[in-house]
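Colleague: I have a model open and should like to go through it with you. Could we begin with how far to trust it?

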Amino acid sequence: MAGIVVGPMVAGHQGYVLIQTDTWNIETSVTGLAIMAILSLVVLFAIEWLLRRLFHTGARTRGWFAGRKRSRARKQTKLALLKLAEGDYQQVEKLMSKNADHAEQPVVNYLLAAEAAQQRGDEARANQHLERAAELADNDQIPVEITRVRLQLARNENHAARHGVDRLLEITPRHPEVLRLAEQAYIRTGAWSSLLDIIPSMQKAGVGDDEHRDALTRQAWIGLMDQARADQGSDGLKTWWRNQSRKTRHQPALQVAMAEHLIECDDHQTAQEIILDGLKRQYDDRLVLLMPRLKAGNPEQLEKALRQQIKTYGDRPLLWSTLGQLLMSHGEWKEASLAFRAALKQRPDAFDYAWLADVLDRLHQPEEAATMRRDGLLLTLQQNTPQ
């Protein structure tokens, strides 16, 4: 429409254009120059369209190959998880590491491949997978370091594992898996103070139940006692005990452990003081059971304490039996027989029958002693007979 309207108006008035160079002279009209400019733009657009098509095709081709690798990696990961359930660690490592770079979570694939390689004893391959995972993890190195510590524990590289968990606890002090690994590393390396330090964090993170944590606490305290005894003997152990808080020294389980350590060090007097102090505060069978092992030279204190316990807590068989053993140790046969009879009156026990028989022999009552031995033997046979 523009050509129909404008064409007649410019006919005969097209103007003149001269483009001159050293060797060329180009003469044309203004209309011709405009047409050449338009054609040049058309050619440029055509070239651009062609290049776009070519590059788009290349990108689609690359995308197709990449998508195919991702799909394959996804299938191999699923199959590897099934093999993991079967315990086929060789296939797990192979499937997890193959095309791992194209998996949805390549770091996870390499970490699982590392653990599978460790399970079959190939430490070199496990380290390779672990280092590749570290390269891909960038700033999120916690899963990699957790796996590293787990592998170190599997190899019994306990001090290296302890160093690793120390660093992890600085970063994430309440991570459940880090706390579980720290528990193993500290027990293996005898880091009992460090083990005590993480038990409150274990409680807050819900790692283990109360019974498990209590057992860990006892184990840690006993470990500290062993260290003190090994370093400085009985004197060092007593000094260490005095330096503990009152709350610690009043725990029955620790009093029992401390008394046992002192008895093994042949320090019966201090052990007796701890046992008697513990029984004054709270009755505990474990403290009573240690009494017959004491050789402090003053059993009268123990007998007095036992009679006081009987008066306070009633006729308990263990108290009467222990009293009988103490009376036997310094020849009070009549009193010992009464104590053993009081214990047997409440419950039959093969040891009490045997001790009472020995006491009756001393009292020149062989017939009754034979009866006690027979009753003890029958009780032992009944207890050992399978139901």
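Modeller: We can take confidence, domains, cores, one annotated repeat and a few single residues in turn.

Modeller: Please note that this is a predicted model. The mean pLDDT of the protein chain is 86, and 91% of its residues reach 70 or more.

Colleague: Which elements have the lowest and the highest mean pLDDT?

Modeller: Helix 1 (residues 2-10) has the lowest, at 61, and helix 8 (residues 176-189) has the highest, at 95. Where pLDDT is low, the predicted coordinates should not be read in detail.

Colleague: Into what domains is the protein chain divided?

Modeller: The division is into domain 1 (233-297) and domain 2 (298-386). Their C-alpha centres lie 25 Å apart. The contact between them involves 14 residues from domain 1 and 14 residues from domain 2.

Colleague: On to packing. In the largest nonpolar core, which residues touch the most other members?

Modeller: That core has 73 residues, and those touching the most other members are Tyr186, Ile198, Met225, Trp240 and Ile275. Helix 10 (residues 210-242) gives the most to this core, with nine residues. Domain 1 (233-297) and domain 2 (298-386) each supply at least three residues to the core.

Colleague: What is Ile275 in contact with, leaving aside its neighbours within four places in sequence?

Modeller: With those neighbours set aside, Ile275 is in contact with Ala259, Leu287, Leu290, Met291 and Leu294. There is also a second, separate core of 13 residues, which includes Ala100, Ala126, Val144 and Leu151.

Colleague: Changing topic, what does UniProt list for residues 317-350?

Modeller: An unreviewed UniProt entry lists "repeat: TPR" for residues 317-350. In the model, the chain over residues 317-350 is 82% helix and 0% strand, with its end C-alpha atoms 13 Å apart.

Colleague: Helix 17 (residues 333-346) caught my eye. What should its 14 residues span?

Modeller: At 1.5 Å a residue, helix 17 should span 20 Å. Its end C-alpha atoms are 20 Å apart, so the model agrees with that expectation.

Colleague: Which residues of helix 17 are buried, and what covers them?

Modeller: The buried residues of helix 17 are Ala336, Ser337, Ala339, Phe340, Ala342, Ala343 and Leu344. The cover over these residues includes helix 16 (317-329) and helix 18 (350-362). As background, an α-helix has 3.6 residues a turn, so residues three or four places apart point the same way.

Colleague: Now the backbone. What is phi of Asn156, and where is the place of Asn156?

Modeller: Phi of Asn156 is near 60°, a positive value in a residue other than glycine. Asn156 sits in the loop between helix 6 (142-154) and helix 7 (158-171). With a relative accessible area of 55%, Asn156 is exposed, because the cut-off for that class is over 50%.

Colleague: And what of His364?

Modeller: His364 also is a residue other than glycine with a positive phi, near 60°. The loop between helix 18 and helix 19 holds His364, and at 70% relative accessibility His364 counts as exposed.

Colleague: One last residue: where is Thr380 found, and why is Thr380 partly exposed?

Modeller: Thr380 is found in helix 19 (residues 366-384). Its relative accessible area is 28%, and Thr380 is therefore partly exposed, as that value falls between the 20% and 50% cut-offs.

Colleague: By how much are the C-alpha atoms of Thr380 and Glu264 separated?

Modeller: Those C-alpha atoms are separated by 30 Å, and Thr380 and Glu264 are 116 residues apart along the chain.

Key
Residues are numbered from 1 along each chain as its sequence is written. This is a predicted model: local features need pLDDT of at least 70, side-chain atom pairs count only at pLDDT 80 or more; totals for chains, interfaces and linings use all residues. Side-chain values use heavy atoms; hydrogens and water are left out. A nonpolar core is a set of buried Ala, Val, Leu, Ile, Met, Phe, Trp, Tyr and Cys residues joined through side-chain atoms within 4.5 Å. Buried means under 20% relative accessible area, exposed over 50%, partly exposed in between (1.4 Å probe, protein chains only). Helices (H or I, at least four residues) and strands (E, at least two) are DSSP runs, numbered from the N terminus. Domain bounds come from an automatic or database domain assignment. Contact means heavy atoms within 4.5 Å. UniProt positions are given in the numbering used here, feature names are shortened, and annotations may be inferred rather than shown by experiment. The expected span of a helix is 1.5 Å times one less than its number of residues. pLDDT is the predictor's confidence in each residue, from 0 to 100.
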